[in-house]
Amino acid sequence: MSDKDRISQFARVLKPSGIRKYFDLAQSMSGVISLGVGEPDYTSPWRVRQAAIKSLEMGQTAYTSNSGMLELRKSVCKKTEEETGICYDPYSEVFITVGVSEGLDTAFRAMINPGDEVLVPDPHYVSYDACAFLAGGTPIYVPTVEQDNFEISYDLLKKYLSPKTKLLVMGYPANPTGAILPKAKVEEVTRFVKENDIFVISDEIYSKLTYGQKHYSIVSQPDMKERTILLNGFSKAYAMTGFRIAYALGPKDIIAAMAKIHQYTIMCAPTMSQIAAIEALRQDDDVATMVDDYNRRRNVMVSGLRSIGFSCFEPKGAFYAFPSIAKTGLSSEEFAEKLLMEERVAVVPGEAFGQSGAGHIRCCYATAISQIEEALMRIEHFARKYF
Ligand code: PLP
């Protein structure tokens, strides 16, 4: 067998994530300030860690049900009803996943047939097109632009529709832009989805991290529960990335198909993490404290970038700023590489999130204000060479 044939066609053409590349580079250098990886700098709340520790002390080390602990599924349904007004059955309409990452992969694999097209608003989180592709689907990129607040609309989606369109995957609040989708636009998307008889995978992992305007879920629209796989999790809002814990909610038949795949590939989410997640959902006080803090950091980051001379979209959610670096005349790849080498600041080039990200960089502000201020000084020093 040739060296080439040892690797599957899918794995061969899959590009490595543009986020990891800069993370690995930055890790190998000293004195780097990282605005690269999208991860809270907080440790998980102590009450959450304590629940995990206690579970181990009590010897709760066995598998749980494939779908996850019933107590956690009930808590997830209760929380989702409070937040969206939509009621899910904890026995048949939810299961616990290993991160939203697993939810995305499983949702595509449960719904996509070879050749089905998936609408992917662009710029987009790096897993959306990769997971659609691995499931045999064809990602169709729907370019969104800063002038429209990186929002999708009925007319925009219509342009990219074909008889093969099966799904729209959307993630608002958005990574990398920080955009949210206002209710009026959610209504347009709903009309588009219903008129064309397609489905939505809605990644709402940043739903709790908004500044000013609240997140509005597409499942809250009439009859959209039947057409939506709602993914959410604990990584961002509760600073629990390493616990690898999240959930998927949706219509019975799709959840059953996803759970069947999960049963063979994952078995169940880690027991300790499920117990920690039950504790996380007991109250949101620590989430509110983190949101206040992210908001302060967001203001420092956005006003700092603007005062250097970059035009910067006002992020309304998540923890990313997505300034345009076009006036430097550098591509976003060149900018990120030179900034890292010359000033030791790691950012992610916008192109890592698709073509529509060209001319931008993603700066994660989930880091201490002192670090953000130092990074801004270095970015200014760098930018002065160009304008
Ligand atoms: N969805 C989005 C938009 C993300 O930004 C991330 C992580 O950065 C994920 C999903 C993956 O989250 P998890 O840690 O739950 O797998």
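Reader: Where do E187 and K183 both lie, and how many residues apart are they?
Author: Both are found in helix α8 (residues 183-195), four residues apart, which is about one turn of the helix. A helix is a DSSP run of H or I with at least four residues, and a strand is an E run of at least two, numbered from the N terminus. The model is predicted: local features need pLDDT of at least 70, side-chain atom pairs count only at pLDDT 80 or more, and totals for chains, interfaces and linings use all residues. Residues are numbered from 1 along each chain as its sequence is written, and side-chain values use heavy atoms, leaving out hydrogens and water.

Reader: Why is the meeting of the E187 and K183 side chains called a salt bridge?
Author: The term requires a side-chain nitrogen of Lys or Arg within 4 Å of a carboxyl oxygen of Asp or Glu. The N to O distance between E187 and K183 is 4.0 Å, so the pair is counted as a salt bridge.

Reader: What makes E187 partly exposed?
Author: Buried means under 20% relative accessible area, exposed means over 50%, and partly exposed lies in between (1.4 Å probe, protein chains only). The value for E187 is 37%, so E187 is partly exposed. K183, at 45%, is placed in the class of partly exposed residues as well.

Reader: How do you know that E342 and K385 meet in a salt bridge?
Author: Their N to O distance is 2.8 Å, which satisfies the distance limit for a salt bridge. E342 lies in helix α12 (residues 332-343) and K385 in the segment after α13 (369-383), so the pair ties together parts that are 43 residues apart in sequence. E342 has a relative accessible area of 38% and is therefore partly exposed; K385, at 45%, is partly exposed too. Elsewhere, D41, D293, R296 and R297 are joined into one network by salt bridges that share partners.

Reader: Why is the pair D116 and K166 said to tie together parts of the sequence?
Author: D116 forms a salt bridge with K166, with the closest N and O atoms 3.8 Å apart. D116 lies in the loop between α5 (99-111) and β3 (117-122) and K166 in strand β5 (residues 165-170), so the connected parts are 50 residues apart in sequence. With a relative accessible area of 14%, D116 is buried, whereas K166, at 24%, is partly exposed. The whole structure holds 22 salt bridges.

Reader: How do you know that D129 has no salt bridge?
Author: The nearest side chain of opposite charge, K15, is 6.4 Å from buried D129. Lys and Arg count as positive and Asp and Glu as negative, while His and the chain ends are not counted. The distance to K15 exceeds the limit, so no salt bridge is assigned to D129.

Reader: What joins the side chains of D129 and H124?
Author: A polar contact of 3.5 Å joins them. The term covers a pair of N or O atoms within 3.5 Å; within protein, one must be able to donate a hydrogen and the other to accept it, and residues adjacent in sequence count only if both atoms are side-chain atoms. D129 lies in helix α6.

Reader: What makes F10, L14 and L134 a nonpolar patch?
Author: A patch takes residues with over 30% relative accessible area and no salt bridge, joining like charges within 9 Å and nonpolar side chains (Val, Leu, Ile, Met, Phe, Trp, Tyr) within 5 Å. F10, in helix α1 (residues 9-13), has 38%, and L134, in helix α6 (residues 126-134), has 39%. Together with L14 they expose about 230 Å² of accessible area, computed by the Shrake-Rupley method with a 1.4 Å probe, where for residues only the protein chains shown count as cover.

Reader: Why is A239 called buried?
Author: A239 has a relative accessible area of 5%, below the limit for the buried class, so the word applies. D197, at 53%, counts as exposed. Phi is near 50° for A239 and also near 50° for D197, a positive value in each case. Most residues other than glycine have a negative phi, and most peptide bonds are trans.

Reader: Which residues does a cis peptide bond join with omega about 5°?
Author: That bond joins D122 and P123, and P123 sits in the loop between β3 and α6. The bond from N175 to P176 is likewise cis, with omega near 20°.
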